[in-house]
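Reader: I would like to go through some of the labels attached to this model and see what each one rests on.

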Amino acid sequence: MSIIIVSALVRTVFGTLSSAALREVGAIWGLQDDLESLESVFCTIQLVLQDAEIKQRKSPPIQNWLLKLKDVAYDAENVLDRIATFGLRRRADSERGVQHKLTSFLSDRDVCKDTELDPLQRLLRERLQGRRFLLVLDDVWNENQVVWDDLKEVLRCGSKGSVLLVTTRIEKVALMMATMDVHHIGCLSEEDSWFLFRQRAFTTGVEEESHIAIGKTIVKKCGGVPLAIKALGSLMRFKSHESEWLAVKESEIWQLSDDENDIFPALRLSYYNLAPQMRQCFAYCCLFPKDHVMKEKQLIQLWMANGFVPSQDQNDLYFSGHLIFKELVWRSFLQDVEINSKGDVTCKMHDLMHDLAVSIMKHETCIPEYGKVMEIPKTLRHLSFDIPSIWANLDNKRKLKFPGDGSLRSLICHKDKLTSYEKVDVSSSLLKQRNLRALHVTHYGIKKWPNIVCKLEHLRYLAMSCFGIKRLPESLTRLHNLQTWKLMNSEELLELPRGLKVMKSLYLLEIERFDSLLCTPPGLGDLIYLRELSIFIVGQDASHQIDQLKELNLGGSLSIGGLENVSNTEDAKKANLITKNDLTSLGLLWTDGAEKTHSTDYYEELLQGLQPHHNLEAIRINSYQGSKFPNWMSALALKNLKKVSLESCRRCEHLPPLGKLPSLTDLYLYEMDSLKYLDDERYVNGEIPFPVLTTLSISDMPNLVEFRRGNSVESIACLKEIEIIRCPKLRGLPFLPTQRFGYRGSISATLLGSLRFLTSLTSLKLSHIPELAAFPEGFLQNNNALENLRIESLAITTLSNVLDNLSALKALRLRNCNHLEFLPEGLKNLGSLETLNIFGCDGLRLFPAATMEHLSSLSSLTIGNCKKLKPFSGPMNQTTALRSLHLNWLPELKDLPESMQLFSALQWLCISYCEGLCSLPDWLGSLESLSALRIGQCKNLSSLSDGFKTPESLWFLHIYGCPELEKRCKKPEGEYWPKISHIPTIIIGGKYVQGQEVV
């Protein structure tokens with residue numbers, strides 16, 4: 001049986017009832033009495049909800065009542081939120097200088113008096129009125145004295161001698177409710193616990209010795225709680241193997257069979273012990289698929305949008321959500337907490353926890369499964385999906401079906417970037433979903449975004465794509481409840497709505513890829529609740545000046561652009577960055593190419609005035625025109641700094657003492673024209689330079705000569721990855737324990753030769769080195785740990801001897817090496833090679849089939865855009881392990897080589913832009929493992945041979961850009977349709993003709 005949660009929603013209604021905007025409109029419309037009456041009704045209901053939610057598992061009538069109550073509560077909350085939104089709009093219009101006229105948009109004011117809201121209260125009074133009663137309140141958790149006092153008033157209707165018996169596990173509750181001495185029952189003893197467990201677990205009377213020892217350990221986990229002991233005993237009754245008992249003993253959570261007595265013992269006990277808002281926050285996580293990596297920030301934003309996070313002050317809203325997240329992690333409802341490469345805190349849910357959350361949200365959510373039509377509940381509130389899982393639910397125009405009553409509150413798509421045949425139109429159905437609180441659909445398939453979104457007045461969370469949009473309309477500022485606004489794919493976005501300052505509820509404004517943005521709206525300093533802002537661009541007028549940031553308590557990531565418009569150092573200090581202790585990432589950006597009207601002293605003083613708080617973890621400085629950096633860029637001021645990016649600071653001759661930053665892990669230096677050395681600091685008392693640096697990238701530094709003056713740095717101890725691009729004067733490398741190395745641009749013989757000292761190297765990329773026609777003698781002979789080698793756009797004619805000693809190599813990519821004529825003999829020595837990619841090597845003529853016999857580990861092969869190449873020429877005598885083969889842009893490919901018949905493990909075959917190919921052979925059907933076949937843009941491929949048949953293993957076929965073949969494979973009249981009709985999933989010309997799943 002599923003679980004209905006109402007208490008959290010009731011708390012949300014209370015929050016709306018107490019909002020200033022609602023009170024203001026209530027006073028204008030004369031609704032004070034109605035609102036107070038509604039608040040009283042919900043207060044009474046709340047007294048019994050905790051117990052009703054627990055007891056519903058054994059009482060279908062209670063659960064049915066809760067379900068109806070929740071529907072009515074949702075309706076009431078929608079109405080109240082519309083009134084409050086009207087108040088917010090009225091304030092905003094007043095700020096805009098608009099003479100606002102009251103309109104009566106609320107036609108059902110009587111909803112506020114709906115008598116269906118208190119059936120349990122009325123039923124209790126009717127049953128107890130004037131009677132002597134014994135009322136048992138079992139397992140009470142509520143610690144609120146006010147709630148208990150209110151409940152006592154309800155119970156005064158009984159006659160003298162009535163008794164209320166309360167059981168609880170919390171001492172504070174017992175003392176609060178008691179009118180006489182508290183009786184401590186305590187837990188079962190170990191002996192009694194084992195006796196109860198044996199009654200359930202060993203019903204046949206047979207007790208295995210090994211089971212007894214394990215069982216006693218399991219019983220101890222139950223802590224003497226009879227309910228848990230009985231539940232686990234019943235579970236173990238059906239487990240006969242010792243391994244099964246061990247699995248239960250070692251598991252932290254358990255799940256019983258799905259019948260009328262179904263419970264998750266440890267889970268539900270813990271779940272019911274959560275505060276109502278925590279229960280709802282936990283249950284909401286089921287909208288994310290199993291094993292999905294969830295971001296803490298996004299979870300909290302979605303909880304906020306749905307009103308799950310209680311707070312006395314909107315300033316504390318996110319922090320309250322953070323505390324809920326920490327508590328859920330502490331109680332193991334969420335787990336596997338990590339920090340990803342972008343600094344985001346992430347987590348997962350255990351599968352059993354996910355099952356519990358789904359059971360709780362069963363009546364309100366719909367989670368599509370691959371190839372199945374969704375059974376949409378009438379009370380659907382939240383819908384999440386990824387594109388492949390909803391194909392069965394689309395109409396012939398690829399439009400997603402929604403419930404027609406507008407009950408939806410959350411719509412989340414888990415995929416941001418789609419292929420052309422994955423795009424889905426949800427826009428036409430959104431207009432009916434006027435009660436949406438959270439909308440996350442950021443893929444490119446959405447049409448007419450702004451016109452739809454601006455009408456969703458309840459919206460609090462919006463993640464939308466700005467692909468192809470240059471300006472956002474002013475109508476979006478009518479979203480007065482919006483808290484979280486994420487603008488994705490914003491490469492072309494030039495302007496935001498100028499009236500943004502009236503969106504007073506805005507908490508986060510995130511703009512992905514904002515480089516094209518010309519300006520930010522005026523008056524952003526008026527957004528007093530704003531806590532995260534991706535970009536602020538300083539303008540010349542007062543409403544765009546940097547002092548707009550002064551009173552904003554910003555955290556997360558902030559970039560400040562247009563710094564050339566800051567008048568003086570004192571104005572820079574008005575940004576108050578040094579007090580913003582929640583900022584983790586800061587970008588300080590001057591416009592590259594802007595007229596340099598100031599001296600270097602001006603820039604240096606200005607940057608000095610922009611000192612951030614010492615909690616900062618990442619900084620980016622772009623197009624700074626001073627000759628030196630401020631003294632706050634030191635270990636003393638920025639001890640937590642992990643990432644530094646300095647770009648186009650062309651006048652700077654020296655770097656700040658970055659080598660002494662104790663936490664620096666990532667360093668990026670681009671277009672530092674005047675820089676000759678990366679580090680010229682003195683290290684004493686055992687100091688080592690860059691003690692934890694793992695990633696170093698340097699690019700377009702025409703005068704860089706050495707890592708350190710005199711090249712005296714012997715090692716950067718922790719360096720794992722280094723990339724060097726266009727540093728023509730760099731003489732060499734010190735000893736580095738680096739594992740990944742990439743070089744692009746002109747290179748000296750000394751530097752190239754120094755690669756032999758990188759003996760720990762596992763990945764190497766060399767590209768666009770025009771003067772390199774041959775590798776030096778002994779090149780890569782000492783690099784036997786190398787696993788990934790990429791050679792791109794070099795003028796080399798041979799790879800002779802280069803591959804001979806690379807026994808650990810797993811991936812080899814040769815790209816745009818037009819002078820390379822033959823593959824080296826050493827290729828046969830690469831027994832560990834798993835991936836081989838050859839692309840754009842126009843001089844290459846042969847790829848002998850016999851080579852495949854030696855590549856015993858090769859699983860993926862791509863050959864493309866090699867104008868003279870004939871792949872797999874000559875005989876081949878044994879099968880290969882190849883599983884994936886891509887043949888693209890090969891004009892010399894006239895027929896598929898017969899040697900391919902020995903690719904018995906091949907699962908994926910893609911052939912595209914091979915215009916010489918005219919027919920597919922009979923033997924293709926002998927590839928017994930082939931599961932997916934994609935053929936595209938082979939314009940002359942028009943026929944299948946007479947004996948052609950596809951392998952029985954084939955489940956996916958995609959044909960496009962082959963006009964004649966597409967015509968012959970057309971369903972159902974095409975002459976080749978009978979040959980392919982058995983394949984489960986078929987796409988012809990970009991359209992699905994059979995099946996729903998997507999590869």
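**Labels and their grounds**

Author: The model is predicted. A starting point is N865, which sits in the loop between strand 30 (860-864) and strand 31 (870-873).

Reader: Why is N865 called partly exposed?

Author: Partly exposed covers the range between under 20% and over 50% relative accessible area. N865 has 26% relative accessibility, so N865 counts as partly exposed.

Reader: What is the phi of N865?

Author: Phi of N865 is near 55°, a positive value in a residue other than glycine. Most residues other than glycine have a negative phi. D336, in strand 4 (residues 335-339), also has a positive phi, near 50°.

Reader: Why is D336 called partly exposed?

Author: The relative accessible area of D336 is 44%. Buried would need under 20% and exposed over 50%, so D336 is partly exposed.

Reader: What makes the peptide bond between K971 and P972 a cis bond?

Author: Its omega is about 0°. Most peptide bonds are trans. P972 lies in the loop between helix 23 (963-968) and helix 24 (977-980).

Reader: How do you know that K580 has no salt bridge?

Author: A salt bridge needs a side-chain nitrogen of Lys or Arg within 4 Å of a carboxyl oxygen of Asp or Glu. For K580 the nearest side chain of opposite charge, E551, is 7.7 Å away, and K580 therefore has no salt bridge although K580 is buried.

Reader: What does the side chain of K580 reach, and which residues does K580 touch?

Author: The side chain reaches the backbone oxygen of K550 at 3.5 Å. K580 is in the loop between helix 19 and strand 16. Leaving out residues up to four places away in sequence, K580 touches L549, K550, L552, L554, A575 and H613.

Reader: Which residues of helix 20 are buried, and what covers them?

Author: In helix 20 (residues 600-609) the buried residues are Y602, Y603, E604, L606, L607 and G609. Their cover includes helix 19 (569-573), strand 16 (583-589) and strand 17 (618-622).

Reader: What makes L165 eligible for a nonpolar patch?

Author: Patch residues need over 30% relative accessible area. L165, in strand 2, has 45% and is partly exposed, so L165 passes that cut-off. The patch consists of L134, V136, V163 and L165, which together have about 360 Å² of accessible area. Strand 1 (134-140) and strand 2 (163-168) each supply at least two of its residues.

Terms used: Residues numbered from 1 in each chain as written. Predicted model: local features only at pLDDT ≥ 70, side-chain atom pairs only at ≥ 80, totals over all residues. Heavy atoms only, no water. Buried < 20%, exposed > 50% of the residue type's maximum accessible area, 1.4 Å probe, protein only. Helix = DSSP H or I, 4+ residues; strand = E, 2+ residues; numbered from the N terminus. Contact = heavy atoms within 4.5 Å. Lys, Arg positive; Asp, Glu negative; His and termini not counted. Polar contact = N/O pair within 3.5 Å; in protein donor to acceptor, adjacent residues only side chain to side chain. Patch = residues over 30% accessible without salt bridge, like charges linked within 9 Å, V, L, I, M, F, W, Y side chains within 5 Å. Areas by Shrake-Rupley, 256 points an atom, 1.4 Å probe, with all protein chains shown as cover.
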